[in-house]
Amino acid sequence: MQLKVYGNREAVELVRRMVVKDREQRSIIIHGDSGLGKKHLASYIAASYLCSEHNGQPCGVCKSCRMIMHGTHPDVIYVRANPNGNYIIDESIRPIVADSAVMPNESRYKVYIIPDIDRSVNTIIAVQNILLKLIEEPPEHVVVIMTARSKEVFLQTIISRTLSVGVSAVSEQESIEYLTENFPQAAQQDIDSAVQAGRGNIGRCRQYLENGGFHDAVDIARGICDGLLTGSEYGVLKAVFAADGKKQLARQAAELFSEIARDAASCCVGNSERELSVSCYEQGARRLSAMLSSAGCSRLYDTALDCVGRIDANCNLSLTLSYFAAKLSQVVK
Ligand SMILES: [Zn+2]
């Protein structure tokens, strides 16, 4: 892991000021969508707090920074949930409270990083109630950093005692910079395609290049769009059925396609430049908007969301996909 944060200048500056003024916040919530780098920012904050240079950002070369980069710092503790994302109170949360009374091994602080609290559906309240004690009266040496997609999952009593830091999407230029530095083997064309698909979400850009599920979902969403643009019912069906038997993939592809349709609708009503920055297929969205009215684009959008709803309601996937493809093709007829 490298200790560099792309974009998110406000957050980086906030951390810098806290450290140089010796006013490190001891409980922090980092919130923002998946893929925007919440856990990375948590590690960055830990490194900034513990770096022996103490100048507001991790130097990347001192012993402490190197240990954090290698994930071996004894005073930076990543708390783990079970495979379903739930924190087991007696296994992972109570032990933190007990351990927090023990002095750090070699640093000023002991940093507990508790990621994805919002995924701990079964224990989300219990986790916070137990952590509250630690957050209300933290020992001098304790720092607690929690992450979640939304701040709203936190109890008011936690929020009122915590610094909230939001992470946001990065610019196209920053995405390119990130991918070029981290995927030196990747061809320029693939990097461009990943940047287009990820739209400032570095996690998604990475997933795209690593050929994960996101890559396939983007291909399907783009394939649907191309099928519609060429008036090929078969093309739409073929694209959609690449997700047959794969519920998560189908859901993600339908969602991505809904974003393309939303961009197209937005383009129809004249937001052609700045506003068009959501979907994974900007060219496709522009061409759809030239072919359809805004009402037509909105119908595509509604159809895609309807498909997501049916998938969530556990409807038969093959039937849902056939219905989805047919409904979409009707719109362009
Ligand atoms: Zn350092």
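## Zinc site, helix α8 and domains

C59 is partly exposed because its relative accessible area is 28%, the class between buried (under 20%) and exposed (over 50%), with a 1.4 Å probe and protein chains only. The model is predicted, so local features need pLDDT of at least 70 and side-chain atom pairs count only at pLDDT 80 or more, while totals for chains, interfaces and linings use all residues. Residues are numbered from 1 along each chain as its sequence is written, and side-chain values use heavy atoms, with hydrogens and water left out.

C62 counts as buried, at 9% relative accessibility.

| Residue | Relative accessible area | Class |
|---|---|---|
| C59 | 28% | partly exposed |
| C62 | 9% | buried |

Both cysteines bind zinc through SG, as do C51 and C65, and these protein donors lie 2.3 Å from the ion. Donors are N, O and S atoms within 2.8 Å of the metal (3.2 Å for Na, K and Ca); water is not among the atoms, so sites may look incomplete. Along the sequence the donor residues follow the spacing C-x7-C-x2-C-x2-C. The arrangement is tetrahedral because the 4 donor atoms subtend angles of 103 to 117° around the zinc ion; four donors count as tetrahedral if all angles lie between 85 and 135 degrees.

Helix α8 spans residues 188–198, and its buried residues are I191, S193, A194, V195, A197 and G198. Helices are DSSP runs (H or I, at least four residues), numbered from the N terminus. The buried residues of α8 pack against α7 (172–182), α9 (202–209) and α10 (213–229). R199 follows α8 and has a positive phi, near 50°.

The chain is divided into domain 1 (9–166) and domain 2 (212–332), with bounds from an automatic or database domain assignment. Their C-alpha centres are 39 Å apart.

Conventions: Tetrahedral: all angles 85-135°; square planar, octahedral: opposite > 155°, others 65-115°. Helix = DSSP H or I, 4+ residues; strand = E, 2+ residues; numbered from the N terminus. Contact = heavy atoms within 4.5 Å.
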